[in-house]
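Q: Please take a close look at a single part of this structure and describe how it is placed among its surroundings.

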Amino acid sequence: MAIKVSACPRDCYSTCSFLVSVNNGRIGLIEPHPDNRATSEGVCLKGLSYFERVVNPGRLLYPLKKTGGKFARISWDESLSIIADRISEIHSKYGPESVLYYAATGTKGLLNKVGPAFWEMTGGFTSTYGDLCWPSGLEATRLTFGENKHNAPWDIENSRLIISWGKNIAETNVHQMKFIENSISNGGKFVVIDPRRTETSSKADIHISPAPGTDGALAMGIGNLLILKGYVDVDFINNNVKGFEEYRSAAAKYTPEKVSEITGVNVGAIRELAELIGTIKPMTITAGFGMQRYRNSGQTMRTLISLPVLTGNIGKIGAGWVYANLQSHIFDDEVDPLAIYPRSDNNRIRNSIPVTKLADGILDSEDPPIKMIWIERGNPVTQNPDTASVIKAFRSLEFRVVVDQFMTDTAREADIVLPAKTMFEQSDIINAYWHHYIQLKQKVIDPPGEVKPESEIYYLLARKMGISKSDMKGKIPAPSDNEVEIFLEDILKNFSGLSLSRLKEGPVLAPGSSDIAFEDLIFKTRSGKIEIYSDEANERWGVDKLPEYIPPLINEENEFSFILLSSNTKNRIHSQFGNMKLIEQFDDPSLIYINPSDALKKSIADGEKIEVFNKLGSISGITKFDHGLRSGCVLVKNGRWMHEGGSVNLLTSQIETDMGYGAAFYENRVDIRRAT
Ligand SMILES: Nc1nc2c(c(=O)[nH]1)N[C@H]1C(S)=C(S)[C@@H](COP(=O)(O)OP(=O)(O)OC[C@H]3O[C@@H](n4cnc5c(=O)[nH]c(N)nc54)[C@H](O)[C@@H]3O)O[C@H]1N2
Ligand SMILES: Nc1nc2c(c(=O)[nH]1)N[C@H]1C(S)=C(S)[C@@H](COP(=O)(O)OP(=O)(O)OC[C@H]3O[C@@H](n4cnc5c(=O)[nH]c(N)nc54)[C@H](O)[C@@H]3O)O[C@H]1N2
Ligand SMILES: [Mo]
């Protein structure tokens, strides 16, 4: 048996460091690597289930071709010939930009850039812009501080007051809980702001449950009280902040009474929260994604960010705005929500389809219209808004290729499905967005069946298409472990302290990173100060220069009674892991959560089979009474597959957020009825 160092490449805060036991080519126990201070506590259930993921009977092991609606195994040579022929046919009929390359969050790694490099070599392609996940918060943070970084994960235990705002830490960032619990044991206070009771709020001193999408009003109201009570840090503001006077008059409109009316939070709780924030230092707000699933989300995030700024909780131990720590993103030029890939020098990338409107973007595309799609590391039929339209858009195309580990609802729509590697089957370098370690995700076993990593698929396809080996040099590694290592080492050589041999021992803190973000009080904004007031926000996104509360669209009454929330869940990452036997025992995706008072109005009992529907579609499931969910909401966990009752995105529309081209997944109303 051998034990090898590796790291989890899922799109998850923790990005755990692993010690992987390998026995006769089989993955055994996965244990935490002690050198990662953020994740040394333990591996989550999903991580423990990896041993099963690799050998899961549903794993795709060979290329498949669909004929007459049925998939059958074909050889690599045949699949690549078909793809090469279709690409050249579609290129000659419509031009290279009629090919849409779509990649999402399935796995992190520097080798992911091989995909766009290949498509660029074919003469060009179209890609998506924006992001389904976090761009409004990234942009709000960048506009305010100039960059996205925060204190080291372990620093939060030094906070005396921690506010978890729209984040379900106990399920989505499990390792952060340990540090929060350390703070609580040392007498720190913990507040959770979420329209439902969660595993996280069960640990809180105070749980505030605002009406969905109204957090902006709550934060402006708190800001107003902080100013009125003299709780703001005047010296810090005078030296470091742009726009305080303007903010003061904007916030004055948000009296506790008005905020209470908007948010449904009682005046006493609003005053108490302001009192805590004003009097307890250091304070950290750790913000999640809940309030970013509304059209107003960028502006909402700006209202929240103002609170640690007003109270001087920036650049200090135990203080700050914990949203995205991109200090390990040393390999990217810039994190710019406007462009996932920087435009190439020779302009071969058309960045024209908004990811939130993937369906309409394809259906409305012209000059040239999209005719082919290549999908890897993503499951857009399940995860992107408006599933029915996504399927319609895919079916309007002439040719579809999906690369995945499993026969997902998206893969089912493909003409050719290619089998993808798992994290154990190719080495890669990964970064994180919560801690600031650089890590090696190490190859520990050979891929099973005929599985090939994407870099190899692209290499072979390029050769089929007549692209020379020398053209691929430095862009697509030749198919061997040694060539992959040379490719990665070549990137690492630009950074002191980083090398493959060092990373084979364990995680390394990113060069230039620091445990206390903004300790130097240098802010890379236009003014060099923290910008509560931002000209750029207005110029780039057309929003007010100041943070503000804009009522969400769901407040506009329509015939559907409930607001539809679709949070993440502990034992899955979006649509991944639900098909593992280990996970099935703990996770029931069929459950549809509703407050009993609402269910009773509809004469629906706990455990009864129901449908959730609106104008876009319907899904089915089992009612689960949830006293902790705000009345007026229905909650369906995102990531369910068609055979589990249907993706929640059958009910969501293609609405963009005010900044960063994100997805306003929660701006949807639905109704429920007993299933027939
Ligand atoms: N186990 C697990 N971990 C994950 C993931 C996963 O799928 N599974 N996904 C990863 C990814 S990609 C992401 S983006 C993150 C997401 O991490 P989180 O932000 O923690 O997760 P969400 O479930 O999107 O939302 C958090 C909470 O916001 C609440 N919420 C909804 N609407 C509002 C609102 O209007 N105001 C407020 N204050 N709260 C609201 C929801 O009830 C929910 O409890 O997690 C990452 N970690
Ligand atoms: N209604 C609603 N929808 C949501 C959300 C929500 O809160 N509500 N959350 C949104 C968020 S935050 C996010 S981040 C997105 C996530 O959206 P996606 O990134 O599309 O989500 P996943 O379900 O993780 O799908 C990733 C796919 O990649 C595959 N995969 C994993 N590793 C590899 C690999 O190495 N190679 C290849 N080729 N494939 C691989 C997996 O098997 C899986 O099918 O979903 C969004 N959708
Ligand atoms: Mo995400």
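A: The part chosen is strand β19, residues 437–441, in what is a predicted model. Of the 5 residues in this strand, 5 are buried, so β19 is largely enclosed by the rest of the structure. Here, buried stands for a relative accessible area under 20%.

The side chains of the strand may be considered next. In a regular strand, side chains alternate between the two faces of the sheet. From β19, Tyr437, Gln439 and Lys441 point one way, while Ile438 and Leu440 point the other way. The residues of both groups are buried, Lys441 and Gln439 being among them.

The partners of the strand come next. Strand β18, which spans residues 428–430, is joined to β19 by 3 bridges, and the two run antiparallel. Within this pairing, Leu440 of β19 has Ile429 opposite it. Together β18 and β19 make a hairpin, with 6 residues lying between the two strands. Strand β19 is also joined to β20, residues 508–509, by 2 bridges, and this pair likewise runs antiparallel. Here the bridge partner of Tyr437 is Leu509 in β20. Thus Leu440 is opposite a residue of β18, and Tyr437 is bridged to a residue of β20.

For a wider setting, the surroundings of the two ligands may be described as well. Ligand 2 is surrounded by 31 residues, and the closest include Gln383, Asp404 and Glu454. By class, this shell holds 8 nonpolar, 14 polar and 9 charged residues. Nitrogen atoms of ligand 2 take part in contacts with the backbone: one is 2.8 Å from a polar backbone atom of Gln383, and a nitrogen atom is 3.0 Å from a polar backbone atom of Val403. An oxygen atom of ligand 2 lies 3.3 Å from a polar side-chain atom of Asn638. Of the 920 Å² of accessible area that ligand 2 has on its own, the protein covers 98%.

Ligand 1 has 34 residues around it, with Thr172, Asp194, Asp215, Phe289 and Arg572 coming nearest. Its shell divides into 13 nonpolar, 11 polar and 10 charged residues. Both domain 1 (150–323) and domain 2 (553–674) give residues to this shell, so ligand 1 lies between them. An oxygen atom of ligand 1 is 2.8 Å from an N or O atom in the side chain of Arg196, and a polar side-chain atom of Tyr294 lies 2.9 Å from a nitrogen atom of ligand 1. The protein covers 99% of the 910 Å² of accessible area that ligand 1 has on its own.

Conventions:
Residues are numbered from 1 along each chain as its sequence is written. Chains are lettered from A and ligands numbered from 1 in the order in which they are written. This is a predicted model: local features need pLDDT of at least 70, side-chain atom pairs count only at pLDDT 80 or more; totals for chains, interfaces and linings use all residues. Side-chain values use heavy atoms; hydrogens and water are left out. A residue is near a molecule or strand if one of its heavy atoms lies within 4 Å of it. A polar contact is a pair of N or O atoms within 3.5 Å; within protein, one must be able to donate a hydrogen and the other to accept it, and residues adjacent in sequence count only if both atoms are side-chain atoms. Accessible areas come from the Shrake-Rupley method with a 1.4 Å probe; for residues, only the protein chains shown count as cover. Ala, Val, Leu, Ile, Met, Phe, Trp, Tyr, Cys and Pro count as nonpolar, Asp, Glu, Lys and Arg as charged, and the others, Gly among them, as polar. Domain bounds come from an automatic or database domain assignment. Buried means under 20% relative accessible area, exposed over 50%, partly exposed in between (1.4 Å probe, protein chains only). Helices (H or I, at least four residues) and strands (E, at least two) are DSSP runs, numbered from the N terminus. Two strands pair if DSSP finds at least two bridges between them.
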